[in-house]
Amino acid sequence: MTKTKWAITSRSKLITIILLVLLSSVFPLFSSKYIIHILVICWLLAISSIGWNICYGYTGLLSFGHTVFFGISAYITLWLLVPFQITPWIGIFIGASIACVLGLLITFVTIRTRGIYFALATFALPQILIIIFNTFWQVTGGAYGVIIPFAEENAYLMYFYDPVFYYYIALAFLISVLVLQLRLSESKLGYCLRAIGSDEDAANSLGIDPFRTRLFGMGISSFVTGLSGGIFVNFLKFIDPVQAFGWPLNIQMILGTVVGGVGTIFGPVIGVLVVVPLTEIMKLLIEQHFRGLNLVINGVILMLFIVLMPRGVYPWLKKLFEKYLGG
Amino acid sequence: MSALVQSMATGLLLGGIYAVLAIGLDIIYGVLDLVHMAIGEFLMLAMYTTFFLYTLFGINEFILLFVVPLIFLIVSIPCYHGVFKIMIGKPHSFHILYTASLSIALQSAALVLWTSIPRRMNIPYGAEAIRLGPILLNKALVIASILAVVVTVFTFIFLFKTDLGMVIRAAISNRKLISLIGIDPHRVYLLAFSLGMVLIGLGGVLLSFYYTVSPTVGLAYTMYMWVAIVLGGPGTIKGCLLGASIIGVSQTISGLYLPVAFKDVIVLVIFVIVLVFRPKGLFRK
C-alpha cells in the first residue's frame, strides 16, 4: 500500500473502521466494569464530538450551542420514556429529530452571521436553556434534574444493570455515525460544506447555495449530537440542566475534536480517547482535595493544543502510520 | 407608569457602567483584532480583588477605584506577553477557542479557590435610596454610575485629545497601516491591551458597588459586553455607549414583566434581532 493511497482512499478508512470495531468489540471481555463505564462515556462523547466536527470542521461555523441539541434530545427521550413508556429505541430518534429541527431553526435565524457573530449568537443559548429549565421547574424538574426510576432489566425499555450492553449500543451508534461522516465527507454535500467553510463568498459565486448547504450541514450535525444525548440519558438514568447544557460538556465536546483533529474523520474519536481517560485520571488524583480542578486542567490543555498543535494529533498519527505501514 | 420610568432610569444607570466595560473590550478587539471571550472572567477577578481588598484590608471604595486598575495595569503586561501575544494574527476561530478555554480555566480556578458562595462588598450606603420626584434609585448604583460617566469622559478625552489616543484610534481604523507610519505595532497592542484591562478593572470596582460576585458571573458579562459592541458596531467607540444603554434598559424593563432570570434571555433576543436585520451593528453604514 502506497502512501497516497493510505491517505486518500475511503476504502482504507473503512478497513480502519472495521479493524477498530473488531478490536473494540472484544475489548469488554478483558476489562473491568469501571473501564467499560468510562469507555461508554468516551463513545457517547465521540458521537457528539463528531456532530460538532461536522459543524465546525466542515462548515467552519464555530458553535458553542451544541450542548443544546444534546440536552434537548436527552430530555425528550427521558420524557417519552418516563410517563409514556415509549421505548428509547424510538425515543432516541425522536429526540434527535427534535434536536435537528432546533438546529435548523437556529441556522435559519443566524443564517446571515458567520465567524465571531455566529459564535456569539450560539454562545449564550445553553445558558438560556439552563435558565428556562430552572425557571419552569414544575414542568422540567428544575435544577434537581429528572431520573429514570429503578426497574427490572428490560431490553425493550433499554434498562440494563451491566454497562456492557450500553457499551455495544454506544459502539454501534458510533460506528454508524463514523460511516455517515465518511460518506458525508466524500459526497457532494461534504465538498460543498468545506467550500463554504473555506470561503463562503467564493463558494456562493461558484453556484453553491450557502443557505441550503448550511441548513443541511447543521441538520446532520445537530441530529448526530442529539443521538448521543438520547443514549447518554438512558445510560446514566439521570439528567439535570447543567449536565445537559452546561459548560463542562461543551468544553469536552470541543476538546475532543480539537485535540483529535478538526475536520478529520477519526479526529473526534481519538481526541475523546485522549481527553476522557486523562480527565478520569485527573479526577482520581486530585478530585478529593480540589473539586473542579480537572476543569482548569481541561481548559489549559485546550489552550496548549490550540497554540502548539492546532490541527490535532490525527495528522501526526497519520504520519506515523505512513512511516511504519506505508513503507 | 412610574415603575416604568424608574426601571428605565435604573437601566440607564446600569448602562453607564456597562459602557465602561464595553469600551474596554472594544479597544482590545479593535486594536489587537483579538476576540476575547475570557473578558468576563477578568472582570470577575477584578470584582474579587475589589471584594477582598475592601473586606480584608478595609480599603475605602473610592481609593480602590485607583488601586484595582493599577493592579490590572501591572498585571496586563505579563498577561499580554505570556498569554495573548501568541494569538495575534491567527484566525478568529482560534481566538475564540483559546480564550473560551482560558475562561473555563479561570472560572474553575476561582471556584476551587473561593467556592461558589456569592460575595458582596458591604458599603454602608448599599441599601439606601435617593428620591428623585416619583422615582427611587439605589444610592450605591447612582454613585457608581456617576463615577462611570467620569471614567468614560476621561477615556474619551484620552482617546480624542491626546497623541496616544490618536495612535489607538488610528490602529482601530486600520491596524496594518500603523507600522507604515513608523509606529511599532506591538507597543500599540500592549498599550491598547493595558488600557482595556484598566477599564475592565475600573468596571469591576464599579459593578461591585451594586452587584454580588461569584465565580460564574463572568459568562453573562462577557455576553453583555460583546452584545453591546456588536449593537453599536465594532470599532465605533461611541456605539458602545448606545449598545450598553440598550442592554441596561432592556434588562431592567424585562425585570418588570418577566422572571428575573430572563434578563439574559432578553439581551440575547435583542442581539439576534439586530444580527438578523443589521449584521454590522446599528451605527455602521
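Helices and strands are taken here as DSSP runs, helices having at least four residues and strands at least two, numbered from the N terminus. In the predicted model, Q85(A) lies in the loop between α4 and α5 (88-109) of chain A. The phi of Q85(A) is near 60°, a positive value in a residue other than glycine. Q85(A) is exposed, because 9 other C-beta atoms lie within 10 Å and a residue with 12 or fewer falls in that class.

A second loop residue with such a backbone angle occurs in chain B. D33(B) is found in the loop between α1 (2-32) and α2 of chain B, and its phi is positive, about 55°, although D33(B) is not a glycine. With 19 other C-beta atoms within 10 Å, D33(B) is partly exposed, since the buried class begins at 20.

Within chain A, helix α4 (residues 66-81) packs against α7(A). Their axes come within 8 Å and cross at roughly 35°. The residues that meet are T67(A), V68(A) and G71(A) from α4(A), and L125(A), P126(A) and L129(A) from α7(A). By class, this contact comprises 4 nonpolar and 2 polar residues, with no charged residues.

The two chains also touch each other. In this contact, 31 residues of chain B meet 36 residues of chain A. On the chain B side, the elements that give two or more residues are α4 (92-114), α8 (217-232) and α10 (263-277). The largest share, 14 residues, is from α4(B). The chain B side divides into 26 nonpolar residues, 4 polar residues and 1 charged residue.

The helix with that largest share, α4(B), has 23 residues and reaches 32 Å from its first C-alpha to its last, close to the 33 Å expected at 1.5 Å a residue. Most of α4(B) is covered, 17 of its 23 residues being buried. Just after this helix, T115(B) takes a positive phi of about 55°.

Another contributor to the interchain contact, α10(B), has 15 residues, which should span 21 Å at 1.5 Å a residue; the end C-alpha atoms are 22 Å apart, in agreement with that value. The buried residues in α10(B) are D264(B), V267(B), F271(B) and L275(B). Seen down the axis of α10(B), the buried residues fall within an arc of 70°, so they line one face of the helix. The face turned away from the buried side carries the exposed residues I273(B) and F277(B). The cover over the buried residues of α10(B) is drawn from both chains: it includes α6 (115-123) and α7 (125-135) of chain A, together with α8 and α9 (237-257) of chain B.

Two buried glycines in chain B were examined for their surroundings. G201(B) is placed in helix α7 (residues 185-208) of chain B. It counts as buried because it has 31 C-beta neighbours inside 10 Å, against a threshold of 20. Leaving aside neighbours within four places in sequence, the contacts of G201(B) are A46(B), V68(B), P69(B), I71(B) and F72(B). The C-alpha atoms of G201(B) and L70(B) are separated by 8.3 Å, although the two residues are 131 apart along the chain.

The other glycine, G40(B), is placed in helix α2 (residues 39-57) of chain B. With 26 C-beta neighbours inside 10 Å, G40(B) also counts as buried. Outside the neighbours within four places in sequence, G40(B) is in contact with G218(B), L219(B), A220(B), Y221(B) and T222(B). The separation between the C-alpha atoms of G40(B) and Y224(B) is 9.1 Å, for residues 184 apart along the chain.

Strand pairing is illustrated by two strands of chain B. Strand β1 (residues 129-132) and strand β2 (residues 135-138) pair in the antiparallel sense over 4 bridges. The bridge partner of R131(B) is L136(B), in β2(B). The two strands form a hairpin with 2 residues between them. In the turn of this hairpin, G133(B) has a positive phi of about 60°.

Definitions and conventions:
Residues are numbered from 1 along each chain as its sequence is written. Chains are lettered from A and ligands numbered from 1 in the order in which they are written. This is a predicted model: local features need pLDDT of at least 70, side-chain atom pairs count only at pLDDT 80 or more; totals for chains, interfaces and linings use all residues. Two residues are in contact if their C-beta atoms, placed from the backbone, lie within 7 Å. Ala, Val, Leu, Ile, Met, Phe, Trp, Tyr, Cys and Pro count as nonpolar, Asp, Glu, Lys and Arg as charged, and the others, Gly among them, as polar. The expected span of a helix is 1.5 Å times one less than its number of residues. The arc is that of the directions from the helix axis to the C-beta atoms. Axes are lines fitted to C-alpha atoms, for helices over the stretch in contact, and angles run from 0 to 180 degrees between N-to-C directions. Two strands pair if DSSP finds at least two bridges between them.
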